[in-house]
Amino acid sequence: MSENLTLKIYDILESRILSDYYSDEYYLKEKEISEEFNVSRTPVREALQLLESNYLIKHSGSNKGYIVCKFNTGDMINIYDLREILESFSAKLCANNISEEKLLQLNEILILEEFYIKNYNLEKIVYYDNKFHNAIHSQSNNVFLERMLNQLHHYTLHYREKSYKSEERAKLSFCEHKQIFLAIRDKNPALAEKMMADHIKNAKEYMIKIKTAG
């Protein structure tokens, strides 16, 4: 029960940090958070320690609590650069390893993604975007690579949500997904790797555009 509570508090605080809910140099304090969620300090302390281990907060060195560490443009570029390297490698492995059953599931995800783009449902578009990438990660047959990518992907969720507010970007992203899928379907690892790398580069460029505008 305590572990579930810790993770629940962690998820809420992480979402707030990544979505810029907190102002720059905001202090997170155990007492205030425990009062907000009406819980003891133990799960709050554990949640804060998890956030610190994922570099989302840092201890202030005083009794003020933890300082929120926001990702600046340089940080986000570094994350997308890592995604480009690791995720393109994941797509290459996926093209080599994916079973027919998993290939059908990947195609079903694309069909649903296209449906929700045509009917423009932002929540569902983001959901199936995540599902598409996670399915490829899982078929790399490399659990360590999968874990790293899932974390990096999570860090960029806020900017992907913002980017898909543009229907044009959502449609372009889907077309890129389709090219990745076709390369995987055709068992062409080199092309799958290239298509994924191009997809992440385009996503990075759009992220920079959002950052600059906002």
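Let's start with His133, which sits in helix α6. Is His133 buried or exposed? Its relative accessibility is 1%, and buried means under 20%, so His133 counts as buried. Keep in mind that you're looking at a predicted model. Leaving aside residues up to four places away in sequence, His133 touches Arg83, Glu87, His153, His177, Met196, His199 and Ile200. Hold on to two of those names, His153 and His177, and let's see how they come back in the helix packing.

A quick word on how to talk about that packing. Two packed helices are described by the angle between their axes and the distance between the axes.

Take α6 with α7 to begin with. Their axes are 9 Å apart, and the packing angle is about 160°. What does that angle say about their directions? An angle over 145 degrees counts as roughly antiparallel, so α6 and α7 are roughly antiparallel to each other. The crossing of this pair is right-handed. On the α6 side, the contact is made by Asp129, Asn130, His133, Asn134, His137 and Ser138. On the α7 side, Glu146, Leu149, Asn150 and His153 take part. So there's His133 again, and His153 too. Sorted by class, this contact has seven polar residues, two charged ones and one nonpolar one.

Now swing over to α9, which covers residues 167-185. Helix α6 itself spans residues 122-138. The axes of α6 and α9 come within 12 Å and cross at roughly 25°. That's an angle under 35 degrees, so α6 is roughly parallel to α9. The crossing of α6 and α9 is left-handed. Which residues make this contact? From α6 come Asp129, Phe132, His133 and Ile136, while α9 brings Ser173, His177, Ile180, Phe181 and Ile184. By class, that adds up to five nonpolar, three polar and one charged residues. Notice that His133 is part of the α6 contact with α7 and also part of the α6 contact with α9.

What comes after α6 along the chain? Asn141 lies in the loop between α6 and α7, and α7 runs over 143-155. Asn141 is not a glycine, yet its phi is positive, at about 60°. With a relative accessibility of 58%, Asn141 counts as exposed, because exposed means over 50%. Tyr55 is another residue to look up. Its phi is near 65°, a positive value in a residue other than glycine. You'll find Tyr55 in the loop between α3 (41-53) and β2 (57-59). Tyr55 is exposed as well, with a relative accessible area of 65%.

Time to zoom out. How many helices and strands does the protein have? There are ten helices and three strands. Following the sequence, you meet them in the pattern α-β-α-α-β-β-α-α-α-α-α-α-α. The radius of gyration is 19 Å, close to the 17 Å that the globule rule gives for 214 residues, so the protein is as compact as a globular protein of that length. Along the principal axes, its C-alpha atoms fill a box of roughly 60 × 40 × 30 Å.

Two percentages round off the picture. Of the 214 residues, 43% are buried, and His133, where we began, is a buried residue. Then look at contacts with a separation of 6 or more: residues 24 or more positions apart account for 72% of them.

Notes:
Residues numbered from 1 in each chain as written. Predicted model: local features only at pLDDT ≥ 70, side-chain atom pairs only at ≥ 80, totals over all residues. Heavy atoms only, no water. Axes fitted to C-alpha atoms, helices over the stretch in contact; angles between N-to-C directions. Helix = DSSP H or I, 4+ residues; strand = E, 2+ residues; numbered from the N terminus. Parallel < 35°, antiparallel > 145°, perpendicular 65-115°, else oblique. Left-handed = near helix turned anticlockwise from the far one by under 90°. Contact = heavy atoms within 4.5 Å. Nonpolar A, V, L, I, M, F, W, Y, C, P; charged D, E, K, R; others polar. Rg over C-alpha atoms; globule rule 2.2 N^0.38 Å. Buried < 20%, exposed > 50% of the residue type's maximum accessible area, 1.4 Å probe, protein only.
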